[in-house]
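Student: Could you pick one spot in this model and give me a close look at it? After that, feel free to wander outward to whatever surrounds it.

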Amino acid sequence: MIKTQIAHTREIDDGESAVSEILAQLDMEHTLMKNSIGIITCHLEFMESGIVKSLCDRLPFDTVGINTMSTATSEEADQMMLGITVLTSDDVFFSVGLSETLTRGQEGSIHALFNKTVAALPEKPSMIMTFSSLLAEIGGGDWVVKELDLASGGLPNFGTLAIDYTTVVRDPRIIFNGDTWNDRLVIILLCGNFKPLFSVTSISEDRILKQRAIVTKSVGNVVMEINDMPAGAYFESLGLAKDGKLSNVHQIPLIIDFNDNAKPVARTIHFQSPEGYLVCGGTVQEGCSLAVGSIDMQDVVKTASNAVKDLLAKQQEGILFFSCAVRNFALGFDAMAELRTAREAMGTGRPYMFAYSGGEICPVLTSDGKLKNRFHNVTLISCSFDNRDNAEKCD
């Protein structure tokens with residue numbers, strides 16, 4: 001059984017006050033069980049001011065996390081905020097591992113990280129939680145999921161990539177015990193008496209064109225041809241491009257079916273190259289099926305509200321949410337609309353934390369009821385730890 005404690009602070013000018021506020025909310029003398037782990041999401045300023053380091057130095061357990069664009073709890077939501085989720089248990093064990101600096105060709109380092117981290121557990125792990133920097137130069141979230149699958153044998157993997165965005169991506173970092181990096185990842189392995197429940201929510205079905213196409217030429221995350229046509233020409237045939245050039249690419253998510261009996265995933269289009277190729281936020285393999293969607297503020301708010309209500313119907317508490325930064329971009333000038341909607345739906349008295357993500361890692365269900373790890377874009381994911389015997393695995 002895992003219990004969850006949540007705390008937050010908006011105090012950025014006085015580090016001692018910020019740490020004291022967090023410690024008072026956690027009330028660790030009365031709430032901590034034998035084994036605990038902390039998960040922090042915060043604005044970059046909390047890292048640079050030393051508050052993250054000071055807080056972690058005062059906590060009697062390991063801490064991991066990311067910087068993010070906004071954080072919400074039942075008590076507060078803000079861009080300039082630090083939130084911490086503490087998972088604590090008498091019969092669940094946590095082991096944490098930090099990678100070395102990750103560069104192309106160092107795939108073996110992930111296997112070494114996993115083996116070292118698993119060695120600290122009393123039994124085989126049954127789940128991974130992953131917090132990663134963007135690692136775009138070596139394959140990003142898809143690379144992270146693939147390597148951890150190979151190392152772990154496909155253990156369910158839930159987590160996020162850091163995001164720090166102003167007008168451009170600035171300095172996304174991960175946290176491990178107060179220190180921060182922009183070129184590493186950190187994992188938590190869990191074993192013992194718990195049952196995770198995952199949910200994956202992207203765009204509404206009525207926002208997806210019924211017309212399907214086949215990706216006929218691609219390399220990694222670059223789509224070159226669709227239905228044997230240049231990618232730009234295909235979108236022009238749909239009325240979404242002129243002279244082969246797309247406009248508002250961030251508002252055109254792609255729904256990708258890898259044809260492997262698992263649920264489709266969403267992919268953002270980051271930009272269109274001079275050659276007309278679509279550079280996406282994750283892998284799009286040749287031969288996969290593609291559908292075109294659209295995203296706007298109304299759909300972000302609607303899907304967030306529905307996702308929360310579904311979880312509450314399953315009596316979930318202690319929920320950790322990560323929502324793609326692209327969903328935030330779709331909110332326009334009302335950047336807090338999704339967090340506000342989620343908080344209104346969650347109500348008070350339930351522990352949860354909600355933060356934005358540079359890419360989401362969450363299992364999806366296959367047609368035979370098994371879990372398959374995926375890297376997502378434009379998606380709201382969640383994980384909770386249900387102690388009931390009839391808990392479902394994933395939506």
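Tutor: One term up front: contact here means heavy atoms within 4.5 Å. Keep in mind too that this is a predicted model.

My pick is alanine 325, which sits in helix 9 (residues 325–329). Leaving out residues up to four places away in sequence, alanine 325 touches Met69, Ile163, Tyr356 and Ser357. Alanine 325 counts as buried because its relative accessible area is 4%, and the limit for buried is under 20%. For a sense of scale, take threonine 103: its C-alpha atom is 24 Å from that of alanine 325, with their positions 222 residues apart along the chain.

Now for some surface. Tyr165, Val169 and Phe329 make a nonpolar surface patch of about 240 Å². Val169 belongs to the loop that runs between strand 9 (157–161) and strand 10 (174–176). With a relative accessibility of 42%, valine 169 falls between the limits of 20% and 50%, so it's partly exposed.

Strand 10 takes us to one of the sheets. This one is open and has six strands in the order 1-6-2-3-10-11, with mixed pairing. Its edges are strand 1 (3–9) and strand 11 (179–181), each with a partner on one side only. From one strand to the next, the twist averages 20°. Within the sheet, strand 2 (residues 35–42) runs parallel to strand 3 (residues 63–67), and the two pair over five bridges. Look there for cysteine 42, which stands opposite asparagine 67 in strand 3. Helix 1 (residues 15–26) packs on this sheet, touching strand 1 and strand 6 (82–89), and its direction makes about 155° with that of strand 1. Helix 4 (residues 51–58) packs on the sheet as well: it touches strand 2, strand 3, strand 6, strand 10 and strand 11, and its direction makes about 170° with that of strand 2.

Strand 9, on the other side of that Val169 loop, takes us to another sheet. Here six strands form an open sheet in the order 7-12-8-9-26-27, again with mixed pairing. Strand 7 (92–98) and strand 27 (371–376) are the edges, each pairing on one side only. Ignoring direction, neighbouring strands are turned by 20° against each other on average. Strand 26 (residues 360–365) and strand 27 are antiparallel partners over six bridges, and proline 363 stands opposite asparagine 373 in strand 27. Helix 5 (residues 108–118) packs on this sheet against strand 7, strand 8 (127–132) and strand 12 (185–192), at about 40° to the direction of strand 12. Helix 6 (residues 140–152) packs on it too, touching strand 8, strand 9, strand 12, strand 26 and strand 27, and its direction makes about 155° with that of strand 27.

While we're at strand 27, have a look at its salt bridge. Arginine 374 pairs with aspartate 260, the closest N and O atoms being 2.6 Å apart. This pair links distant parts of the chain, since arginine 374 is in strand 27 and aspartate 260 is in the loop between strand 19 and strand 20, 114 residues away. Arginine 374 is buried, as its relative accessible area is 9%, while aspartate 260, at 25%, is partly exposed.

That loop has something else to show. Asparagine 261 lies between strand 19 (254–257) and strand 20 (265–267) and has a positive phi of about 70° although it isn't a glycine. Most residues other than glycine have a negative phi. Asparagine 261 counts as exposed because its relative accessibility of 57% is over the 50% limit. Glutamine 315 is another non-glycine with a positive phi, about 65°. Its place is the loop between helix 8 (297–313) and strand 24 (319–324), and at 59% relative accessibility it's exposed.

Back to charges: the model has 15 salt bridges. One of them joins aspartate 171 and arginine 173 at 2.8 Å, N to O, and both of these residues are buried. Another pairs arginine 207 with aspartate 296, where the closest N and O atoms are 2.8 Å apart. This pair spans 89 residues, from the loop between strand 13 (196–201) and strand 14 (213–219) to the loop between strand 23 (289–292) and helix 8. Arginine 207 is partly exposed at 25% relative accessibility, and aspartate 296 is partly exposed at 24%. Finally, Arg10, Glu76 and Asp78 are linked in a salt-bridge network.

Technical notes. Residues numbered from 1 in each chain as written. Predicted model: local features only at pLDDT ≥ 70, side-chain atom pairs only at ≥ 80, totals over all residues. Heavy atoms only, no water. Patch = residues over 30% accessible without salt bridge, like charges linked within 9 Å, V, L, I, M, F, W, Y side chains within 5 Å. Areas by Shrake-Rupley, 256 points an atom, 1.4 Å probe, with all protein chains shown as cover. Salt bridge = Lys/Arg side-chain N within 4 Å of Asp/Glu carboxyl O. Helix = DSSP H or I, 4+ residues; strand = E, 2+ residues; numbered from the N terminus. Buried < 20%, exposed > 50% of the residue type's maximum accessible area, 1.4 Å probe, protein only. Pairing = 2+ DSSP bridges. Axes fitted to C-alpha atoms, helices over the stretch in contact; angles between N-to-C directions.
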